[in-house]
Each structure stands twice: as C-alpha cells, then as structure tokens.
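Please take a moment to look over the structure below before reading on. The paragraphs that follow go through it one part at a time.

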Amino acid sequence: MSSLYLKPWFACLLLLLLYGCTQKTTVVLLSEPDGHVGNLTVGNIGGEVEMSRPAEATVISGRESSPSKPEILSEQQINAQFSVVLATLPIQPEHFLLYFEKGSTILTAESEAMLPMILQSITDRNSENISVIGHSDTAGNRDYNLRLSKERALAVSQVLIEKGTPRTHITSTSHGEENLLIKTEDNVQEEKNRRVEVVVK
Amino acid sequence: MKSFLTIFCLLAALFAGAESCSASTDSVGIIKTVSGEVFLVSTQKSLSAAPNMKINRGDTIKTGATGSVGLIFDDDTVVSLGPNSEIAVESFMFNPVDQELSFVSRLIKGTFCFVTGQIAKLAPKKVKFETPEATLGVRGTKFLVEID
C-alpha cells in the first residue's frame with residue numbers, strides 16, 4: 001500500500017486534485033462613483049472579515065478557511081486584475097422628477113429647465129431604455145387622475161421625441177393617484193404629487 | 001403506454017406555458033452592453049445576449065473567453081462581468097411600497113464589478129452575493145470579485 005504513494009502517476013494525480021479543488025476568491029472594496037465608501041462583509045464557516053476602507057482586499061482560499069486579514073491594494077494591482085470589469089461597468093441609471101401646474105400637462109418653469117439634463121443623461125449612457133412614469137395628486141376622481149397622469153407622461157415623452165429620442169426607446173406608464181410621493185387624503189392638491197418620473201438606464 | 005405519453009406531453013406543455021407566462025412579469029433588469037461571447041441562460045433556453053434584452057429572476061449570465069457584459073438591475077444596481085465569468089440571479093424583489101426587498105445572486109466563476117443600488121440602501125440584510133468560498137454582505141457600495 002505504501003508503495004502507491006511513491007508512484008509518480010499517483011503523486012501527479014494527487015497534485016492535480018489538490019490544484020483543482022483549491023479555488024481562490026479575491027474581494028476588493030472600492031469607493032462609489034460619488035466618493036462614498038460603503039461597508040462589505042465577507043464570511044464563511046472559517047470566519048468573517050469586514051472592510052470599510054477604499055482598495056481594501058481580502059483573499060479566501062477555501063470554504064473552511066477564514067478570509068485573510070484585509071490589506072490595501074495599489075491602483076496598479078487593482079487595474080492589473082480588474083481592468084476589463086472596471087471598463088465594462090455601466091453608469092448607474094439616473095432619475096428625474098418633473099412637476100406640473102395643477103390640473104394640466106404644463107411643466108413648471110423649474111422642471112422645464114431640467115429637460116436638457118435629461119437629454120444629456122440619455123447621451124452619456126447611450127440609453128435606449130428610458131422610462132417615463134406619470135403620477136397625479138388626489139384632487140379629482142380616480143379616472144380623471146389616471147387620464148391626467150397618462151397625458152403628463154405622454155407630454156414628457158413627446159418632448160423627448162421632439163428633441164431626437166427615438167420613440168421606441170421610451171416606455172411610458174401611468175399610475176394616476178395610486179403612487180403618491182407625499183401621502184395625502186383624497187381630494188388634496190399637492191404639487192409634489194403632480195409629477196412625472198423619468199428613469200434613464 | 002400511448003395514453004400515458006399523451007398525458008405526459010400535455011402536462012409538460014401546460015407547465016412550459018405557465019412558466020413562460022410568469023417569466024414576462026419576472027423581469028429584474030436589462031443587459032446594457034455586450035462584447036464578445038455572452039449568453040443569457042434561462043430554464044427554457046440559452047440565448048446569445050444582446051443589449052436591452054430583459055434579465056428574468058432565475059437567469060444565468062455567462063461570458064466566453066473573450067466576452068464581457070454590463071448589466072443594470074431595476075433597483076439601479078450595475079454589474080459587469082469579465083471573460084469566463086458566470087452569475088445566477090437567485091432572487092430579486094424590488095417593491096419598496098410593500099417592503100418586499102431582496103437580492104441574492106450566486107457568483108460561480110470569473111471577475112465582477114458591482115455598484116449596489118436601492119435594495120442595498122433600504123434593506124442591506126436582504127442583499128447577498130454567494131461565491132463558492134464565502135458569502136458577501138454589503139451596505140451601499142462598489143466592489144470587485146475574482147474567483148480564480
């Protein structure tokens with residue numbers, strides 16, 4: 001039996017098995033696009049580590065071995081290992097809230113002034129996925145508000161189309177008074193609820 | 001035997017129908033960018049991924065040796081996968097009004113970059129990334145993973 005251990009083919013097989021089983025996982029915390037740094041815990045049967053500093057990294061080399069003590073990686077180390085994913089990461093979607101004069105599909109002056117920012121956001125993201133979601137306040141009955149919120153969403157979509165956004169890139173929906181930003185009783189005029197949300201993905 | 005087969009086929013068709021119906025409401029995000037070989041794998045089929053395709057709960061996204069892909073989830077989480085990578089979306093619920101929030105994904109192999117979105121802000125405990133050797137929990141953050 002002991003002679004088995006000396007056979008070169010057996011040693012090779014053993015090495016191969018060991019190599020095949022030993023996976024290594026690296027986890028690196030980064031600062032968010034806005035500069036904020038979150039918090040990341042990495043844990044398994046062996047233990048848990050917590051990271052909260054940018055470029056902090058831990059290595060895990062088995063389900064039962066504790067993640068290594070976090071260490072700061074250099075920018076070069078991070079780029080060498082992760083350049084492809086860093087370059088491929090999409091920009092996060094951007095949300096805009098546009099408000100309306102009461103009972104109308106006319107944008108307030110401030111909201112009108114935001115339209116160029118929305119168009120810029122679409123360009124920056126090369127976006128073909130723009131959601132326009134209409135809402136109303138609770139003044140008036142439900143059907144009226146559903147129709148009004150739909151007309152508001154369509155009015156905003158129309159402006160985006162006129163400024164060159166292909167119609168097929170826009171999905172327009174409406175919620176009427178069902179999804180209030182500011183919770184109110186029925187039949188309350190609330191300017192913050194008379195809105196269209198635009199999400200650019 | 002023949003009648004048994006007929007019943008089996010009917011049942012299979014029923015189940016397949018039910019699944020494809022629910023799939024349309026299970027959309028959790030989109031494929032944003034594709035480079036090289038990338039596959040979107042569901043229980044029914046495997047497709048070559050293309051920009052703006054919908055990702056459904058339960059789907060797996062895989063890249064080939066020269067592939068990479070960018071994903072955007074409905075809660076604004078953004079993800080990228082490098083070559084030879086694979087991720088499965090185990091659960092995704094984003095319904096803040098009813099407090100139904102969860103995002104669990106399984107990282108099978110490869111390289112990844114994440115910026116977490118609204119679920120991680122509203123209910124950080126409901127967000128988990130499972131790798132073969134460890135489980136990751138986050139509080140609103142950007143991070144990288146390599147499974148080698």
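**A bent helix, a shared contact and a pocket**

In this predicted model, helix H3 of chain A, which covers residues 75–88, has a kink of about 85 degrees centred on A:Phe82. A:Phe82 is also one of the buried residues of H3(A), together with A:Ile78, A:Val85 and A:Thr88. When reading such a list it helps to remember that an α-helix has 3.6 residues a turn, so residues three or four places apart point the same way. What lies over these buried residues comes from both chains: the cover includes strand S1 (25–30) of chain A, and from chain B it includes strand S1 (27–35), strand S6 (68–73), strand S7 (78–81), strand S9 (100–115) and strand S12 (142–147).

From this helix we can turn to the contact between the chains. The size of an interface is often given as the accessible area lost when the parts come together. Here, chain A and chain B bury about 3500 Å² between them, and 56% of that area is on carbon and sulfur atoms. Three residues, A:Val85, A:Leu89 and A:Lys201, supply 16% of the area that chain A buries against chain B, which is more than any other three residues supply. In the contact as a whole, 42 residues come from chain A and 43 residues from chain B.

Where is empty space left? Rolling a probe the size of a water molecule over the atoms shows this. The largest pocket holds about 1400 Å³ of space, and of the 40 residues that line this pocket, those closest to its centre are A:Ile133, A:Glu197, A:Val199, B:Asp74 and B:Phe94. Several elements give two or more residues to the lining, namely strand S6 (94–99), strand S7 (130–134), strand S8 (170–174) and strand S9 (195–200) of chain A, along with S1 and strand S8 (86–95) of chain B. By character, the residues of the lining divide into 13 nonpolar, 17 polar and 10 charged.

Finally, two loop residues deserve a look for their backbone angles. A:Ala55, in the loop between strand S3 (47–51) and strand S4 (56–60) of chain A, has a positive phi of about 70 degrees although it is not a glycine. B:Asn52, in the loop between strand S3 (46–48) and strand S4 (54–56) of chain B, is likewise not a glycine and has a positive phi of about 75 degrees. A:Ala55 counts as buried because its relative accessible area is 15%, under the 20% cut-off, whereas B:Asn52, at 25% relative accessibility, counts as partly exposed.

Terms used
Residues numbered from 1 in each chain as written. Chains lettered and ligands numbered in written order. Predicted model: local features only at pLDDT ≥ 70, side-chain atom pairs only at ≥ 80, totals over all residues. Heavy atoms only, no water. Bend = angle between axes of the 7 residues up to and from the residue. Helix = DSSP H or I, 4+ residues; strand = E, 2+ residues; numbered from the N terminus. Buried < 20%, exposed > 50% of the residue type's maximum accessible area, 1.4 Å probe, protein only. Contact = heavy atoms within 4.5 Å. 1 Å grid on protein atoms, 1.4 Å probe; cavity = no way out; pocket = protein on both sides within 12 Å on 5 of 7 lines; lining within 4 Å. Points joined across faces, edges and corners; volume = space filled by probe spheres on them. Nonpolar A, V, L, I, M, F, W, Y, C, P; charged D, E, K, R; others polar. Buried area = accessible area lost by both parts, 1.4 Å probe.
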